[in-house]
Amino acid sequence: MKYYVAPGRLNIIGEHTDYNGGFVLPVAIDKYVQVGIEKSHDDLVHVKSQSFGEFTFDSKNISATDSWKDYVMGIFDVLKKDKGVNFPGLKLEIKSNVPEGAGLSSSAALEVAVITALNGFLNLNLTDEERYNLSQKAENEFVGVQCGIMDQFASVMGRKGHALFLDTVSMKYEYVPLNTGEYTFVVIDSGVKHSLSDGGYNKRREEAQKALEEFGVNSYRELSLSQLFMKRSQVSEISYKRAMHVVTENERVKEAVDILKHSNFENLGRVLNQSHESLAIEYEVSCDEVNFIVDTLKEIDGVTGCRMIGGGFGGSVLAICEKAKVGEISAEVKEKYNKEYGKEARTYVVDSSDGAMKMDNALI
Ligand code: GLA
């Protein structure tokens with residue numbers, strides 16, 4: 001078997017901006033989906049996933065199933081339709097240590113791992129750009145989630161020691177060095193499972209689009225904060241709130257890049273706190289459990305700031321924490337969360353990683 005891995009991603013800031021023509025600042029992380037690949041003895045594709053089970057499909061006749069299988073089959077479908085690929089019989093073995101439903105993009109990592117494995121094993125000669133664009137297309141058209149480009153982009157393009165500052169309109173990007181010093185990223189998973197296919201995500205996307213129409217502009221790049229204030233009485237309350245988040249979040253991404261380049265890493269905490277407020281109040285994509293974790297963390301010594309991450313409606317919180325205090329911070333937040341909700345929070349210290357790659361041996 002040949003092995004390929006694709007990382008999950010942690011978005012430092014720029015949430016719900018990628019499909020709104022904005023800026024994002026993700027980091028590929030050291031949690032991976034691995035795909036082992038080899039030829040099979042028949043014409044079919046046999047998929048075995050450590051966490052989800054097994055299935056077999058005929059690549060000449062693919063249809064969606066409304067389940068995790070679609071993330072795999074969607075890649076075959078898009079490669080067949082867009083690139084005219086004819087697949088031989090294959091065996092794929094999938095393993096993952098990216099927590100699912102935690103806002104770390106396990107599904108994009110699965111798509112990118114599959115496309116990277118097929119690309120390498122079948123010598124398809126896809127460019128990086130094709131790998132992330134086709135993965136997003138599979139999710140948009142086959143899985144049916146109107147996600148933006150951030151997750152697939154980060155999983156393909158990540159670089160160890162760096163965040164990716166991406167303009168989702170021009171697709172220009174810059175690697176920004178992460179000098180974390182005495183601090184580290186900690187992810188606290190509330191255990192409240194979110195799935196982008198549940199509908200809340202697509203609904204926010206529609207609302208953000210409608211807000212643009214009400215404001216009479218074609219893109220969020222044309223909307224400044226002062227215009228937003230001026231037109232407040234002419235638009236609906238929902239449109240005002242959704243637009244307020246997008247416009248201010250874009251400014252926060254630029255501020256975060258500035259902090260990473262010219263200031264101390266721990267100062268990111270302040271913009272993370274502001275981002276959370278905006279996501280919870282203006283964009284309304286948080287939930288009680290996640291807000292509780294954020295409020296609790298803010299009171300703990302050694303945490304410089306935190307916010308919900310990913311699509312929302314559950315999932316995880318990202319906190320910037322002093323390395324030396326991670327153990328205590330994690331124990332305190334878990335205990336308080338359990339007392340309040342009777343649920344177990346999981347915490348992960350995550351580091352940056354390179355993007356999807358071929359491995360000499362299995363990693364997981
Ligand atoms: C999900 C989507 C991304 C992005 C985030 C929210 O992770 O896949 O494209 O929209 O939600 O920022």
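Buried here means under 20% relative accessible area. That cut-off matters for several of the close-ups below, which come from a predicted model.

**View 1. S278, a buried serine in helix α8**. S278 sits in α8, the helix running over residues 268-281. Its relative accessibility comes out at 6%, so S278 counts as buried. Who keeps S278 company? Leaving out residues up to four places away in sequence, S278 touches H245, T248, R252 and Y283.

**View 2. Helix α10 and its two faces**. Helix α10 takes in residues 326-341, 16 in total. From first C-alpha to last, α10 reaches 22 Å, close to the 22 Å expected at 1.5 Å a residue. Which residues of α10 are buried? They are V326, I329, S330, V333 and Y337. Looking down the axis of α10, these buried residues fall within an arc of 95°, so they line one face of the helix. As a reminder, an α-helix has 3.6 residues a turn, so residues three or four places apart point the same way. Turned away from the buried side of α10 is a face with the exposed residues G327, E328, E335 and K339.

**View 3. What lies over α10, and what comes after it**. The cover on the buried residues of α10 includes four strands and a helix by name: β9 (183-189), β10 (303-308), β11 (316-322), β12 (346-350) and α9 (288-298). Following α10 is G342, with a positive phi near 65°.

**View 4. F76 in the largest nonpolar core**. This core has 120 residues, and those that touch the most other members are I12, L25, V72, F76, L118 and L297. Helix α7 (residues 237-262) gives the most to the core, with 10 residues. Zoom in on F76 and, setting aside neighbours within four places in sequence, you'll find F76 in contact with V45, F57, S59, I62, F87, L90, L92, V114 and L118.

**View 5. Helices α3 and α4 packed together**. Helix α3 (residues 128-143) packs against helix α4 (residues 150-157) at an angle of about 145°, and their axes are 9 Å apart. The crossing of α3 past α4 is right-handed. On the α3 side, the residues that meet α4 are D128, R131, Y132, S135, Q136 and E139. Their partners in α4 are Q152, F153, V156 and M157.

**View 6. L126, in the loop ahead of α3**. L126 belongs to the loop between α2 (106-121) and α3. Is L126 buried or exposed? With a relative accessible area of 11%, L126 is buried. Not counting residues up to four places away in sequence, L126 touches L79, K83, I115, N119, R131 and L134. For a sense of scale, L126 and G342 are 48 Å apart, C-alpha to C-alpha, and 216 residues apart in sequence.

**View 7. S105 and M171, two residues with positive phi**. Most residues other than glycine have a negative phi. S105, though not a glycine, has a positive phi of about 65°. Look for S105 in the loop between β6 (90-96) and α2, where S105 is buried with a relative accessible area of 10%. M171 has a positive phi too, near 60°. M171 lies in the loop between β7 (162-167) and β8 (173-177), and at a relative accessible area of 23% M171 is partly exposed.

Conventions
Residues are numbered from 1 along each chain as its sequence is written. This is a predicted model: local features need pLDDT of at least 70, side-chain atom pairs count only at pLDDT 80 or more; totals for chains, interfaces and linings use all residues. Side-chain values use heavy atoms; hydrogens and water are left out. The expected span of a helix is 1.5 Å times one less than its number of residues. Buried means under 20% relative accessible area, exposed over 50%, partly exposed in between (1.4 Å probe, protein chains only). The arc is that of the directions from the helix axis to the C-beta atoms. Contact means heavy atoms within 4.5 Å. A nonpolar core is a set of buried Ala, Val, Leu, Ile, Met, Phe, Trp, Tyr and Cys residues joined through side-chain atoms within 4.5 Å. Axes are lines fitted to C-alpha atoms, for helices over the stretch in contact, and angles run from 0 to 180 degrees between N-to-C directions. A crossing is left-handed if the near helix is turned anticlockwise from the far one by less than a right angle, and right-handed if clockwise.
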